[in-house]
Amino acid sequence: MNVWPAIWLTLQLATVTTVILMIIALPLGWWLATTKAKSRPFFEAVTTLPLVLPPTVLGFYLLILMRPDAPLGGLFLRLTGETLAFSFTGLVIASVIYSLPFAVQPMQNAFRAVPQPTLDAARTLGASSRDAFFSVSLPLASRGAVTAAVLSFAHTVGEFGVVLMVGGNISGQTRVISIEIFSAVETLDYGTAHLLSAWLLVLSLAVLTLVYVFNRSGGSRLG
């Protein structure tokens, strides 16, 4: 079984998803860390929901939204002439939503750890809120940004339930590594299943180890 199309598609999906997630997570994580709005618990719950919601439930409702007769799916069909469900774009949307907590929570925690006296000192020196964000908050939260990006990428690589519901199993279009493993097991191709599963296992372990080492070394220097 040729697994390279699935590997290449997975890497593309994880890269695009991670870039989009970081664009979303930076301002959202900062807002959640600094706002005093009463609605904050609700938005924190919304961003965390994919962690506790079964992937098939999330995938089912995304599939409903992507139908050609739904507003989102209909708009995509009119613009591109293709259906949003069972497409790479549909996989990206599903992956961004499903991996959102892995990007937002590290950023929120990183921004929350920025010392308030440091921000106050920057404002005392004449820095606007925007200047304080880019010159103080963001550099100090850079380790959180790296953690968010790495975890988002790794989590997207290992997705199964959501991508199966939204993308199906179309070779070269939506068949990512996790779906390839599922297909290999269905056809009793255990050699391919072992190879891809071992690759994902090693990748996941390596990513988590690097994240912990990275954060611990940063904490030691800060201490």
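Me: At what angle do the axes of helix α3 and helix α5 cross?
Reply: This is a predicted model. In it, α3 covers residues 55-65 and α5 covers residues 88-98. Their axes come within 11 Å, and the crossing angle is roughly 135°.

Me: Is α3 parallel, perpendicular or oblique to α5?
Reply: The axes of α3 and α5 cross at roughly 135°. Roughly perpendicular ends at 115 degrees, and roughly antiparallel starts over 145. The angle falls between those limits, so α3 is to α5 oblique.

Me: Is the crossing of α3 and α5 left-handed or right-handed?
Reply: The angle of roughly 135° does not name the hand. The computed crossing of α3 and α5 is right-handed.

Me: Which residues of α5 make the contact with α3?
Reply: α3 brings P55, L58 and L62 to the contact. By class, the contact of α3 with α5 has six nonpolar residues, with no polar and no charged ones. On the α5 side the residues are A94, I97 and Y98.

Me: How far apart are the axes of helix α2 and helix α6?
Reply: α2 spans residues 40-52 and α6 spans residues 100-112. They pack at an angle of about 135°. That makes α2 oblique to α6. The distance between their axes is 8 Å.

Me: Which residues of α6 take part in the contact with α2?
Reply: The crossing of α2 and α6 is left-handed. From α2 come E44, T47, T48, P50 and L51. From α6 come L100, P101, F102, Q105, Q108 and R112.

Me: How many charged residues are in the contact of α2 with α6?
Reply: E44 of α2 and R112 of α6 both belong to this contact. By class there are five nonpolar and four polar residues. The charged residues number two.

Me: What is the packing angle of helix α1 and α6?
Reply: α1 runs over residues 4-34. Its axis and that of α6 are 8 Å apart. The two are oblique to each other, and α1 passes α6 in a right-handed crossing. The packing angle is about 45°.

Me: How many nonpolar residues does the contact of α1 with α6 have?
Reply: Among the α1 residues here are L21, M22, W30 and L32. They belong to a contact with α6 residues that include V104, M107 and F111. By class, the contact has two polar residues and one charged residue, and the nonpolar count is 14.

Me: Is Q108 buried or exposed?
Reply: Q108 lies in helix α6. Beyond its neighbours within four places in sequence, it is in contact with G29, L32, A33 and E44. Its relative accessibility is 7%, and the cut-off for burial is under 20%. Q108 therefore counts as buried.

Me: What is the relative accessible area of S137?
Reply: S137 is found in helix α8, residues 129-140. It touches W30, F111, V114, L119 and A132, leaving out residues up to four places away in sequence. S137 is buried, with a relative accessible area of 3%.

Me: Which loop holds F86?
Reply: F86 has a phi near 60°, a positive value in a residue other than glycine. Most residues other than glycine have a negative phi. F86 is partly exposed, at 41% relative accessible area. Its place is the loop between α4 (71-80) and α5.

Me: Is L188 buried or exposed?
Reply: L188 lies in the loop between α11 (177-186) and α12 (190-222). It is not a glycine, but its phi is positive, about 65°. Its relative accessible area is 58%, and the cut-off is over 50%, so L188 is exposed.

Me: What distance separates the C-alpha atoms of L53 and R216?
Reply: L53 sits in the loop between α2 and α3. It is partly exposed, with a relative accessible area of 26%. Along the chain, L53 and R216 are 163 residues apart. Their C-alpha atoms are separated by 31 Å.

Me: How many helices are there in the protein?
Reply: Read along the sequence, the pattern is α-α-α-α-α-α-α-α-α-α-α-α. Strands number zero. The helices number twelve.

Me: What share of the residues in the protein is buried?
Reply: The C-alpha trace spans about 65 × 40 × 25 Å along its principal axes. The protein exposes about 12,300 Å², with 70% of it supplied by carbon and sulfur atoms. Of the 223 residues, the buried share is 39%.

Terms used. Residues are numbered from 1 along each chain as its sequence is written. This is a predicted model: local features need pLDDT of at least 70, side-chain atom pairs count only at pLDDT 80 or more; totals for chains, interfaces and linings use all residues. Side-chain values use heavy atoms; hydrogens and water are left out. Axes are lines fitted to C-alpha atoms, for helices over the stretch in contact, and angles run from 0 to 180 degrees between N-to-C directions. Helices (H or I, at least four residues) and strands (E, at least two) are DSSP runs, numbered from the N terminus. Angles under 35 degrees count as roughly parallel, over 145 as roughly antiparallel, 65 to 115 as roughly perpendicular and the rest as oblique. A crossing is left-handed if the near helix is turned anticlockwise from the far one by less than a right angle, and right-handed if clockwise. Contact means heavy atoms within 4.5 Å. Ala, Val, Leu, Ile, Met, Phe, Trp, Tyr, Cys and Pro count as nonpolar, Asp, Glu, Lys and Arg as charged, and the others, Gly among them, as polar. Buried means under 20% relative accessible area, exposed over 50%, partly exposed in between (1.4 Å probe, protein chains only). Accessible areas come from the Shrake-Rupley method with a 1.4 Å probe; for residues, only the protein chains shown count as cover.
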